[in-house]
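Here are a few exercises to work through with the model open beside you. Try each one before you read the solution.

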Amino acid sequence: MKKYLNPFEPEASVGPLKSSPIVKRCCLNPLLTASAVPFPCNLAFNAGTAKYHGSYYMAFRYDRFRGNDSAEGILDSGTGLAESEDGLHWTAHDKPCVFHWKGQELGWVNDARLTVLEDRLYLSFCFNSLHGERPGFAVWKGGDDFEVVYLGIPAQRNLMLCPYKINGKYWRLERPVILPVAAPKPQYCIWASYSTDLIHWGESELLLGVEDVPFATFKIGAAAPPVETEKGYVLFFHAVDNDPDREITYPDGSKWCSRYTCGAVLLDKNDPFQLLAMTPKPLLVPEADYETGNMELFWRENVIFPCGAIMEEGNIIRLYYGAGDYSTCMAEINLDDLWGEMIPYSRKSRSATVTLSDMWAGRYGRRDECI
């Protein structure tokens, strides 16, 4: 009897991973924690970061516990803004950001990314509503005020507006929650869309599938708006693998066996759906004491969650990331070293048009036979 291996079903756990030696963690990490935020919060992490008009801006996620007790769960969540002159020493604003949308204010807006586009600062976000996770982006009006330009339908996170036009069109990256007909559970992959006005989006297609990343088992997501280089756009992404052997139980009874790592792909400048190269192994893995090993302090163990990438002088990329769903950190990567970590790459499928028949016929993924 023939047995066809489903490309959406991992054959085994990913196993041990380690960070690449080309990644240099900042000696000042963590750069931002809740203790440095003037308004009440318990966590300050997942911070979109950008350089705008000569200054650095950070849009960090803040969470506040009921009764300041993590075992009681999260009372509210939102976005705060911080500024810096050097990208290392940050000063958070006195109050959270306000998001204006059709005469009302949106709460529970978090996991921001910052994009400088046509000399305006945009903030991409996830709005956590009772009707699902709605993606959107807003333009900065100064101070702590943002005007929402676009608010989409559920269920998506990791939406980010890209800082460059392609063939005269805006483009964005997104990660809808999908349930492939061949998958035993939801999958999280990276998609992209085009627009001519930032409001109406289409020409959507799969950019990178979770099955294409060797160190992911069920989830990937775009980390930061792509960085332009002479070879193409560098897109950092987070990858998640689950392993029951890592499972821990928190005081509130919740269980956790996930590990978040970071990799990168190189996109063609004229067609981002054409992937040129990828890191076959992760660049950044939870290893430092502010990334793993403290179940009581962190909201979630073993989490690296990049949200900002800034190109500096000397071809140095500063990668800002959330650690342990607790703090905001930074690591530096030399672009010349990054090229050495990448290999030529082609996806399993050029587009999301594969059917069950293709899988059964062995035209997609890998097929094994057994008796």
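## Exercise 1: a valine in a strand

Val-139 is buried, with a relative accessible area of 4%. Keep in mind that this is a predicted model.

Task: find the strand that holds Val-139, then list what Val-139 touches beyond its neighbours within four places in sequence.

Solution. Start with the strand: Val-139 sits in β11, residues 132-142. Next, go through the contacts. Leaving aside neighbours within four places, Val-139 meets Arg-120, Leu-121 and Tyr-122, and also Asp-145, Phe-146, Glu-147 and Val-149. Finally, pick out Val-149: it is 10 residues from Val-139 along the chain, yet their C-alpha atoms are 6.8 Å apart.

## Exercise 2: the sheet around it

Task: work out the strand order of the open six-stranded sheet and name its edge strands.

Solution. Read across the sheet and you get β8-β7-β12-β11-β10-β9, with mixed pairing. The edges are β8 (104-106) and β9 (109-117), since each of these pairs on one side only. As for twist, neighbouring strands are turned by 40° against each other on average, ignoring direction. Now zoom in on one pair: β7 (residues 98-101) and β12 (residues 145-151) run parallel and are joined by three bridges. There, Phe-99 stands opposite Phe-146 of β12.

## Exercise 3: cysteines without partners

Task: count the disulfides, then explain why Cys-329 has no bond to Cys-26.

Solution. The count is zero with sulfur atoms required to lie within 2.5 Å. Take Cys-126 to begin with: the nearest cysteine sulfur belongs to Cys-307 and is 12 Å away. Then take Cys-329: its closest cysteine sulfur is in Cys-26, but at 8.7 Å that is too far for a bond. Are these two buried or exposed? Cys-126 is buried at 0% relative accessibility, and Cys-329 is buried with a relative accessible area of 0%.

## Exercise 4: the largest nonpolar core

Task: identify the residues that touch the most other members of the largest nonpolar core, and say which elements give two or more residues to it.

Solution. The core has 29 residues, and Leu-173, Leu-208, Val-213 and Phe-237 touch the most other members. The elements giving two or more residues are β14 (170-178), β16 (190-195), β17 (201-208), β18 (219-222), β20 (232-242), β23 (258-267) and β24 (275-278). Apart from this core lies another, of 28 residues, including Val-234, Phe-236, Tyr-290 and Tyr-321. To finish, look at Leu-173: not counting residues up to four places away in sequence, its contacts include Met-160, Trp-191, Leu-207 and Leu-235.

Technical notes. Residues numbered from 1 in each chain as written. Predicted model: local features only at pLDDT ≥ 70, side-chain atom pairs only at ≥ 80, totals over all residues. Heavy atoms only, no water. Core = buried A, V, L, I, M, F, W, Y, C linked by side-chain atoms within 4.5 Å. Buried < 20%, exposed > 50% of the residue type's maximum accessible area, 1.4 Å probe, protein only. Helix = DSSP H or I, 4+ residues; strand = E, 2+ residues; numbered from the N terminus. Contact = heavy atoms within 4.5 Å. Pairing = 2+ DSSP bridges. Axes fitted to C-alpha atoms, helices over the stretch in contact; angles between N-to-C directions.
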